[in-house]
Amino acid sequence: MTKPNHNWPRFWVPLGTALPFDGSGFFSDPEDKHAHYFYTGYQPKLIQQLTGFPVAILLGEPGIGKSTALKEEFNRLKASNEACLYRELNQYHSDNRLISDIFESKELRTWLQGHHPLTLLLDSLDECSLTIPNVARILTNHLESLPKNRLSLRLTCRTADWPTHLTEKLRDLWLKKRTILIP
């Protein structure tokens with residue numbers, strides 16, 4: 001039986017941001033004409049609005065649509081003929097296969113030989129860490145050698161399973177090569 005896709009917009013906010021709720025306990029609609037009164041200091045964004053951020057980590061509880069949003073973003077990028085590489089990390093049970101399938105892939109090798117940007121979309125870090133406990137270290141070790149000035153990363157994980165050290169490691173990797181700020 002397939003899961004229903006309700007095609008609801010999914011909004012993303014900076015980590016640690018308090019979300020405003022209305023009097024009935026519902027999330028205040030970011031698309032409402034009065035939303036600027038509810039959201040101070042940030043505006044919730046759809047995944048396709050995150051293109052200005054080289055790294056976006058999509059955290060959330062199970063079943064809220066992280067994987068759906070990432071897959072939709074992959075389809076959008078593909079339809080726009082943008083270079084992208086999508087992988088479901090929960091499919092890997094060995095680090096060798098993960099490394100080979102991502103970092104030695106045809107898509108990545110082609111990108112390395114060119115001068116165009118690439119978006120790397122990696123789904124389910126939390127599930128992969130059950131079979132490959134050091135997956136975060138493997139990813140950062142391999143990301144380190146890639147040209148971050150033309151690489152964007154989109155990564156999903158359950159909030160409770162996010163390795164907090166990975167936030168700083170990814171920030172350090174991108175800031176080494178670029179002079180932009182990652183919120």
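What percentage of the residues of this protein count as buried? Hold on to that while I say one thing: what you see here is a predicted model. Now, the figure: of the 183 residues, 40% count as buried.

Let's walk through the fold together. The secondary structure comes to 7 helices and 6 strands. If you follow the sequence from its start, the pattern reads β-α-β-β-α-β-α-α-β-α-α-β-α.

How about overall size? A compact globule with 183 residues would have a radius of gyration near 16 Å, and this protein has 17 Å, which agrees. Along the principal axes, the C-alpha atoms fill a box of roughly 50 × 45 × 35 Å. Look at contacts between residues at least 6 apart in sequence: 70% of them join residues at least 24 apart.

On the outside, the accessible surface comes to about 10,900 Å², and 52% of that belongs to carbon and sulfur atoms. For charges, there are 22 positive and 20 negative side chains, with the centres of the two sets 6 Å apart.

Now for the aromatic rings. The whole structure holds 3 aromatic pairs. One of them, Tyr39 with Tyr42, is edge-to-face, at 5.5 Å centre to centre and 75 degrees between the planes. Tyr39 is buried at 4% relative accessible area, and Tyr42 counts as buried too, at 16%. Another pair is Phe74 and Tyr86: their ring centres are 5.2 Å apart and their planes sit at 25 degrees, so this pair is stacked. Phe74 belongs to helix α2 and Tyr86 to strand β4, so the pair ties together parts 12 residues apart in sequence. Both of these residues, Phe74 and Tyr86, are buried. Finally, Phe27 joins Tyr39 and Tyr42 in one aromatic cluster. Thanks, everyone!

Key. Residues are numbered from 1 along each chain as its sequence is written. This is a predicted model: local features need pLDDT of at least 70, side-chain atom pairs count only at pLDDT 80 or more; totals for chains, interfaces and linings use all residues. Side-chain values use heavy atoms; hydrogens and water are left out. Helices (H or I, at least four residues) and strands (E, at least two) are DSSP runs, numbered from the N terminus. The radius of gyration is taken over C-alpha atoms; the globule rule is 2.2 Å times the number of residues to the power 0.38. Buried means under 20% relative accessible area, exposed over 50%, partly exposed in between (1.4 Å probe, protein chains only). Contact means heavy atoms within 4.5 Å. Accessible areas come from the Shrake-Rupley method with a 1.4 Å probe; for residues, only the protein chains shown count as cover. Lys and Arg count as positive and Asp and Glu as negative; His and the chain ends are not counted. The place of a charge is taken as NZ of Lys, CZ of Arg, CG of Asp or CD of Glu. Rings of Phe, Tyr and Trp (its six-membered ring) pair if their centres lie within 6.5 Å; planes under 30 degrees apart count as stacked, over 60 as edge-to-face and the rest as tilted.
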